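Grab a pencil and open the viewer. Try each task yourself before you read its solution.

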Amino acid sequence: MTNAEAIARALAAEGVEYAFGLPGGEVVVLIDALRRVGIKFLLVGHEASAAFMADVTGQITGRAGVCVSTLGPGAANLVTGVANAYLERSPVLALTAQISHDLYPSFTHQRLPLDRLFGSITKQSSPLDGVDTGAKVAAALRLARSDRPGPVHLAISSDVAAGESRSLAGPAASAGLPMGGLLVPNGGSGGTDARMQAAEVVRAIQQARRPLLLIGLGARPGDAPAIRDLLEVTQWPWMSTPKAKGIVPETHPRFLGVATGMAIDRAILETIEASDLLVGIGFDSVECDKPWFLDRPMVSISRWPTREGTYQPLEIVGDIGTTVGEMVTRLAPKPWPDALLQERRRAIVRHPSSTGGPSDAVGSPSAGLSPLAALQALRDVLPEETVVTCDVGSHKLLAGQFWRTTAPHTFF
C-alpha cells in the first residue's frame, strides 16, 4: 500500500465523503487514491475556496472537512481559508504537497517552510514521512475535531506519496503526530475542582437579579433541548451570536437579538448593559468585534477554556448539554420585569420603511425597496429550513440581525 492509499483509506474510515482542492502534479497520486476509495474530489478555482468549503463542511458534520493543494504558492493559497477555520473553531484537515526529501535542501523552486507557514494558524502542522501514515492521518482527524476544534495541516512530498507505507514494529509504533505547531489544550478540571467551579457558577446566577443568556458558537444542535429547558425553567431572556443562530428558534418570546457587531448594535449593547450577569453557553469571544465582554460580570459554560488576557469569567469546561441539564435542577425562575423585557424586545424591531441613521444600517436613504423590506419579504415566502449564506459587507449586518433563524446550520 502506498502512502497516498494509506491517507485515502484513513479518511474513508472516518466517514470523509469529499475533498476540495486544486490539483498539481505533486498531488495527482493522492487525488487518484481518494477517487479509488470513493471520496469525491471537488475542483475549485482557487485553493482558498477549497479551505472555506472544508471549513463549513466541518461545521455542519462535526468531522474534519478536507482540502488539498499542491506545494509552494498553491499551498500558500490555502492560508486564508485555513486561518478562517482556525478562528471559526472548525475541524479541517489541510493536505499539501512538498518538495521531495532529497531535493529539499538544495532545490529552491517553490520551496516554502510550510510547517512555519501553517504552524501559527493550525492546531498542528507536520510532515508525513511514510511511517505509520494511516495512523498519523487518523490522529490528525481526531485532533482537528477535539475541543477546541480547529484545522490541522499535513504535508507530504511526491516521492513519499507514491512510496510504500511502512510501519514501525512492536509497541513503539506511533499512533500520533510529531509534536509541533500550536496545540490547543483540551482543558477542563476534574473531581473536586469541577464541583467547586459549578457551585461558584450556580451561586453567581442565584445572586443575580437580571441574568441574560448568551448562546455562542460552542453550542451545538445536540445541546438545544437542554438550553430550551433552561430557558423555560428560569424564564430568562436570551441572545445569540451570529454563529449560534438557530440553536434556539429566534421566534422565541424572550429573544432579544443577535450580539457581536450586527445591525442596531447600539440597542443590543443597551440590552446587555441592562443585565447584571451574562450567562454564556458556548460563548467564545473570538466572535466579538468590540470589547464589551471584558467589563461585564459573566459566567461561562463551554466545551473548551475561553479565558484569555483580562477576560476571566467564572467558567465550567465540559459537555454543554450535560452541564446545563444538571444546572436546571438547581435554578429557580428569575424573569426580567415585564416592562423592561418588552422595552428591550421593541428595541430590536425595525420596520421596512425605516430610514434610521447609519449606525442602524437598516433603512434606505432613497425611495424604493429598502434592504430590510427585501430581507423580510424573502423571510415571509421562503420555507423555515431555507439555508442562508452571506459574505462580509453591510448586508451581513442586516441578515445577521434580522433574518429570523429557527433551526441550526441554516445561517452561515
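Below are five exercises on this predicted model, each with a worked solution.

**Exercise 1: Lay out a sheet**

Task: Find the order of the six strands in the open sheet, and say which strands stand at the edges.

Solution: Start by walking across the sheet, which reads β2-β1-β3-β4-β6-β5, with parallel pairing. Now look at the two ends: β2 (40-43) and β5 (124-127) each have a single partner strand, so one side of each has no neighbour in the sheet. On average, neighbouring strands here are turned by 25° against each other, if you ignore direction. Next, zoom in on one pair. Strand β1 (residues 18-21) and strand β3 (residues 65-69) are joined in the parallel sense over three bridges, and Gly21 sits opposite Val68 in β3. Finally, add some helices. Helix α1 (residues 3-13) lies across β3, β4 (92-98) and β6 (151-157), at about 170° to β4. Helix α7 (residues 133-145) lies across β4, β5 and β6, and runs at about 160° to β6.

**Exercise 2: Check a helix with a ruler**

Task: Work out what span helix α3 (residues 47-61) should have at 1.5 Å a residue, and compare that with its end C-alpha atoms.

Solution: The helix has 15 residues. The expected span is 1.5 Å times one less than the number of residues, which gives 21 Å for α3. The end C-alpha atoms are 21 Å apart, so the two values agree. Then ask which residues of α3 are buried. They are Glu47, Ala48, Ala50, Ala51, Ala54, Asp55, Gly58 and Gln59. Their cover includes β1, β3, α4 (73-76), α5 (79-88) and β4. Just after the helix comes Gly62, with a positive phi near 80°.

**Exercise 3: Look at both faces of a strand**

Task: Decide which residues of strand β7 (residues 211-215) point which way, and find the partners of β7.

Solution: First sort the side chains. Pro211, Leu213 and Ile215 point one way, while Leu212 and Leu214 point the other way. Five of the five residues in β7 are buried. Then turn to the partners. Strand β10 (residues 277-281) runs parallel to β7 and is joined to it by five bridges, with Pro211 opposite Leu277. β8 also runs parallel to β7, through three bridges, and there Ile215 stands opposite Ser240.

**Exercise 4: Follow a loop residue into the core**

Task: Say whether Ile247 is buried or exposed, and list what Ile247 touches.

Solution: Ile247 lies in the loop between β8 (238-240) and β9 (255-258). Its relative accessible area is 5%. Buried means under 20%, so Ile247 counts as buried. Leaving out residues up to four places away in sequence, Ile247 touches Ile215, Ala219, Arg220, Pro221, Ala224, Ile227, Arg228 and Pro408. Pro221 is 26 residues away in sequence, yet the two C-alpha atoms are 5.9 Å apart. Two of those contacts, Ile215 and Ile227, are listed with Ile205, Leu213, Ile281 and Trp292 as touching the most other members of the largest nonpolar core, which has 64 residues. Another core, of 32 residues, lies apart from that one and includes Ala4, Ala10, Leu93 and Leu95.

**Exercise 5: Compare two cysteines**

Task: Classify Cys288 and Cys390 by accessibility, and say how many disulfides there are.

Solution: Cys288 has a relative accessible area of 15%, so it is buried. Cys390 is at 22%, so it counts as partly exposed. The disulfide count is zero.

Terms used: Residues are numbered from 1 along each chain as its sequence is written. This is a predicted model: local features need pLDDT of at least 70, side-chain atom pairs count only at pLDDT 80 or more; totals for chains, interfaces and linings use all residues. Side-chain values use heavy atoms; hydrogens and water are left out. A nonpolar core is a set of buried Ala, Val, Leu, Ile, Met, Phe, Trp, Tyr and Cys residues joined through side-chain atoms within 4.5 Å. Buried means under 20% relative accessible area, exposed over 50%, partly exposed in between (1.4 Å probe, protein chains only). A disulfide is a pair of cysteine sulfur atoms within 2.5 Å. Two strands pair if DSSP finds at least two bridges between them. Helices (H or I, at least four residues) and strands (E, at least two) are DSSP runs, numbered from the N terminus. Axes are lines fitted to C-alpha atoms, for helices over the stretch in contact, and angles run from 0 to 180 degrees between N-to-C directions. Contact means heavy atoms within 4.5 Å.
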